[in-house]
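User: I'd like to learn how to read a few features in this structure. Could you walk me through them, general idea before the specific case?

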Amino acid sequence: MRLLIVEDEPDLLRALTRALREDGYAVDTAEDGDDARFKALECDYDAIVLDWMLPVMSGLEVLKALRAKKQTPVLMLTAKAAINHRIDGLNSGADDYLAKPFDINELRARIRALIRRSSGQARNQIVLGDVCVDTWSKTVTLSGQTVALTAREYALVEYLAVRRGKRVSRTELYEHLFDENEDSFSNLLDVRVSLVRKKLGADFIHTQRGQGYCIP
Ligand code: CA
């Protein structure tokens, strides 16, 4: 899952980026509205965290520009808990909002809920034969035993599990699992797939030659 975090306060941006990368998300960042609008339109993020008060262009203007083209889930951050801001944000197509200051664990939980809603998952658990993926606790079990996956390995498993039975192209995986600072020409993806197969079984992820990967 790849997120865009838009925040002009450097300390907060750093803290959010660190926490969300620990959760296994690929994270891109923007510090002003213009850069945010460009990235949000250019890349298909799984969710965007968008601060309201930004230099160059406000979060609300970014949201309006985005909604003219795309339905990417957006959680707005506002320093002003004012009711009219919340209404403006929700009317303009924000999916959720959080008033500053907020607890980072609440932000984590809301992002998870936002992504789950937008992918149409009603339940937290996806059962794939002997493997069970819990998208709420971000854990995977094999025959009832918890399997230790890194956050990035988990992200790959969840992305494919949510789309089980469908072929997911390498391009799509790169776009959703790696951030703007990672080299998409390296073999990061193949390495991650092979580590997951060692832990969950050689047949857990099928390779479709030249086309991508699939959990059947
Ligand atoms: Ca701000």
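User: Let's start with strand 8 and strand 9: in which sense do they pair, and over how many bridges?

Analyst: Happy to. In general, strands of a sheet pair through backbone hydrogen bonds, either parallel or antiparallel. In this predicted model, strand 8 (residues 139–142) and strand 9 pair in the antiparallel sense, with 3 bridges between them. To see it residue by residue, find Thr 141, which stands opposite Thr 146 in strand 9.

User: Which strands make up the open sheet, and in what order?

Analyst: It is an open sheet of 4 strands, in the order 6-7-8-9, with antiparallel pairing. Its edges are strand 6 (125–128) and strand 9 (145–147), each of which pairs on one side only. From one strand to the next, the twist averages 25°.

User: Which strands does helix 6 touch?

Analyst: Helix 6 (residues 151–162) packs on the sheet and touches strand 6, strand 7 (131–134) and strand 8. The direction of helix 6 makes about 100° with that of strand 7. Helix 8 (residues 188–200) also packs on the sheet, where it touches strand 7, strand 8 and strand 9. The direction of helix 8 makes about 45° with that of strand 8.

User: Now strand 1. Are its residues buried or exposed?

Analyst: In strand 1 (residues 2–6), 5 of the 5 residues are buried, so the strand is largely enclosed by the rest of the structure. Look at the side chains too: Arg 2, Leu 4 and Val 6 point one way, Leu 3 and Ile 5 the other way, and all are buried.

User: Which strands does strand 1 pair with?

Analyst: Strand 1 runs parallel to strand 2 (residues 26–30), joined by 5 bridges, and Arg 2 stands opposite Ala 26 there. Strand 1 also runs parallel to strand 3 (residues 47–51), through 4 bridges, with Ile 48 as the bridge partner of Leu 4. Follow the chain through strand 1, helix 1 (residues 10–22) and strand 2, and you trace a right-handed β-α-β unit.

User: What coordinates the calcium ion?

Analyst: For a metal site, begin with the donor atoms and their distances. Here Asp 8 (OD), Asp 51 (OD) and Met 53 (O) coordinate the calcium ion at 2.1 to 2.3 Å. Asp 8, in the loop between strand 1 and helix 1, and Asp 51, in strand 3, are 43 residues apart, so to speak a link between distant parts of the chain. Asp 8 is partly exposed, at 29% relative accessibility, while Asp 51 is buried, at 2%.

User: Why does Cys 132 form no disulfide?

Analyst: Check the distance to the closest cysteine sulfur. For Cys 132 that sulfur is in Cys 214, 18 Å away, which is too far for a bond. A search of the whole structure finds 0 disulfides.

User: Last topic: the backbone. Where are the unusual phi values and peptide bonds?

Analyst: As a rule, most residues other than glycine have a negative phi, and most peptide bonds are trans. Val 56 has a positive phi, near 75°; Val 56 sits in the loop between strand 3 and helix 3 (59–67) and is exposed, at 70% relative accessibility. Ser 143 also has a positive phi, near 50°, and lies in the loop between strand 8 and strand 9. For the peptide bond, go from Lys 100 to Pro 101: this one is cis, with omega near -5°. Pro 101 lies in the loop between strand 5 (96–99) and helix 5 (104–118).

How values were computed. Residues numbered from 1 in each chain as written. Predicted model: local features only at pLDDT ≥ 70, side-chain atom pairs only at ≥ 80, totals over all residues. Heavy atoms only, no water. Buried < 20%, exposed > 50% of the residue type's maximum accessible area, 1.4 Å probe, protein only. Helix = DSSP H or I, 4+ residues; strand = E, 2+ residues; numbered from the N terminus. Pairing = 2+ DSSP bridges. Right-handed = clockwise from strand over helix to strand, strands pointing away. Disulfide = S-S within 2.5 Å. Donors = N, O, S within 2.8 Å, 3.2 Å for Na, K, Ca; no water. Axes fitted to C-alpha atoms, helices over the stretch in contact; angles between N-to-C directions. Contact = heavy atoms within 4.5 Å.
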